[in-house]
Number of protein chains: 2
Amino acid sequence: MKEGPDIAQIGALIGDPARANMLAALTGGRALTATELAGVGGITLQTASTHLAKLEAGGLLAQRKQGRHRYFTLADEAVARLIESMMGFAAGRGHLRHRPGPKEPALRKARICYDHLAGDYGVRMLDSLIASGAIAAIGDGLALTEKGESDLKRIGIDVGDLRSSRRPLCRSCLDWSERRAHLAGSLGKALLSNFLDKGWARRTAESRSITFSPEGDRQFLRLFPAEA
Amino acid sequence: MKEGPDIAQIGALIGDPARANMLAALTGGRALTATELAGVGGITLQTASTHLAKLEAGGLLAQRKQGRHRYFTLADEAVARLIESMMGFAAGRGHLRHRPGPKEPALRKARICYDHLAGDYGVRMLDSLIASGAIAAIGDGLALTEKGESDLKRIGIDVGDLRSSRRPLCRSCLDWSERRAHLAGSLGKALLSNFLDKGWARRTAESRSITFSPEGDRQFLRLFPAEA
DNA sequence: TTCATAGTTCGATCGTAACCGAAGCATTGT
DNA sequence: ACAATGCTTCGGTTACGATCGAACTATGAA
């Protein structure tokens, strides 16, 4: 009863381990099929199907059918932010799913968060952009400066195109592994796409981690030097 | 299984209607007893007790016993932010607990959000502070300017004291009713306390709403004029 | 001491939701 | 046309957790 919006429904949706795992996997940004999601959830396809239907009815997921596959994605960036913020919160309270395992290091170094770069490299990139004066920061807020705009044009990103989108250009996103902010928003997405296009890095098969090529690694570290 | 922190536990904690109601009530900022919380949850004291134990074990609540009462509060501001952000999310997807009721208007006008002012008045205050140049805003980030510091001193708030706290001075908090930002952080708290101390406003008995006296209303509107 | 209030713990009940096997559609490939 | 793949729906089982009555502990008041 009472006043205000109902958090319980959403909490309950996220509260099931299988569903939580699927949502976390979708934070990786790429669309996944029901079968793949059943895998990450550790359940059979039938069960996954009902879970996915619930998540979609709750407005957390969107699906588009393509051929005989059904691809699921997070409904929008707001969902991704909610999940990541819950992850940050959970990590802070020590709610961990397991002790740090073998795959963890790669994940901490660089991973994808919905559609932008997170992890150690993500944090480093934002720090560097701020230090060079390309991005101005007040608290959690970020804004691209004129210097930043021209710097980005030089590496092949036209900010004009991005501005037209309804989505905010710069947005900070709290990292659960680093507990620091990294760059989200359409600019964050554009930067990551840029790296992938150039072949500096590529997505890993079934994980959220991102692997840099030796050459890409060098370029990235040169472009975004650590602070003095 | 897999990687990363466990969202499911927290989701499940929030996912029960009774617990969600209790948490929402505690967003009102004041400490409540187990019996009171049982009331807002619509359950018996026994059931509430087990719920509260779970919430505390999960790190969402803190309790301190005083006499034969046990007062519960949200563990910290991070919990409050999580709850409010979930409310905003839920409101956006139309997950409402009921159709707009009679008490709603008061709640939309001015209510307490953990320890600062939210609702229409909260949003107006922040807008006005930004318009007057007392607070600088970039995206979601907020910072107090020198002008703001002297303005505040004039109404009896010494910012120096606040800076010493570990808690951030300015923080934006998304309003579920207005869907706009209002001012949180230690400054937001100080401002609300200031209004209460001056007798401009007072908390309502068992609700989150805040009622302004006629005189207080006048003063508030004069101090924080709507934008031209 | 005795009584009353506040809260926890125990035990049992009950409902719901997660789960999977099997069957049913739909789309693609041969 | 037929088979294979991807997914949904149905039915029945099972398990977990929310719930409350009752008994127990603790603090305060008479």
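In this predicted model, the side chain of A:R19 places an N or O atom 2.9 Å from a phosphate oxygen of DNA strand C. The backbone of the strand is also approached from the other chain: a polar side-chain atom of B:S49 lies 2.4 Å from a phosphate oxygen of DNA strand C. A base is reached as well, with a polar side-chain atom of A:Q46 lying 2.4 Å from a base nitrogen of DNA strand C.

Turning to the wider surroundings, 19 residues lie around DNA strand C, and those that come nearest are A:Q46, A:H51, A:K54, B:T35 and B:S49. By class, this surface comprises 10 polar, 6 charged and 3 nonpolar residues. On the DNA side, sugar or phosphate accounts for 68% of the atoms of strand C within 4 Å of the protein, and bases make up the rest. Helix α4 (45-57) of chain A supplies at least two residues of the surface, as does each of α3 (34-41), α4 (45-57) and β3 (69-74) of chain B. The greatest contribution comes from α4(A), with 4 residues.

As for the fold of chain A, 3 strands make up an open, antiparallel sheet in the order β1-β3-β2. Strands β1 (32-33) and β2 (61-66) stand at the edges with a single partner strand each, so one side of each has no neighbour in the sheet. The antiparallel pairing of β2(A) with β3 (residues 69-74) of chain A extends over 6 bridges, and A:L61 stands opposite A:L74 of β3(A). Helix α2 (residues 17-26) of chain A lies across β1, β2 and β3 of that chain, running at about 85° to β3(A).

Technical notes. Residues numbered from 1 in each chain as written. Chains lettered and ligands numbered in written order. Predicted model: local features only at pLDDT ≥ 70, side-chain atom pairs only at ≥ 80, totals over all residues. Heavy atoms only, no water. Near = heavy atom within 4 Å. Polar contact = N/O pair within 3.5 Å; in protein donor to acceptor, adjacent residues only side chain to side chain. Nonpolar A, V, L, I, M, F, W, Y, C, P; charged D, E, K, R; others polar. Pairing = 2+ DSSP bridges. Contact = heavy atoms within 4.5 Å. Axes fitted to C-alpha atoms, helices over the stretch in contact; angles between N-to-C directions.
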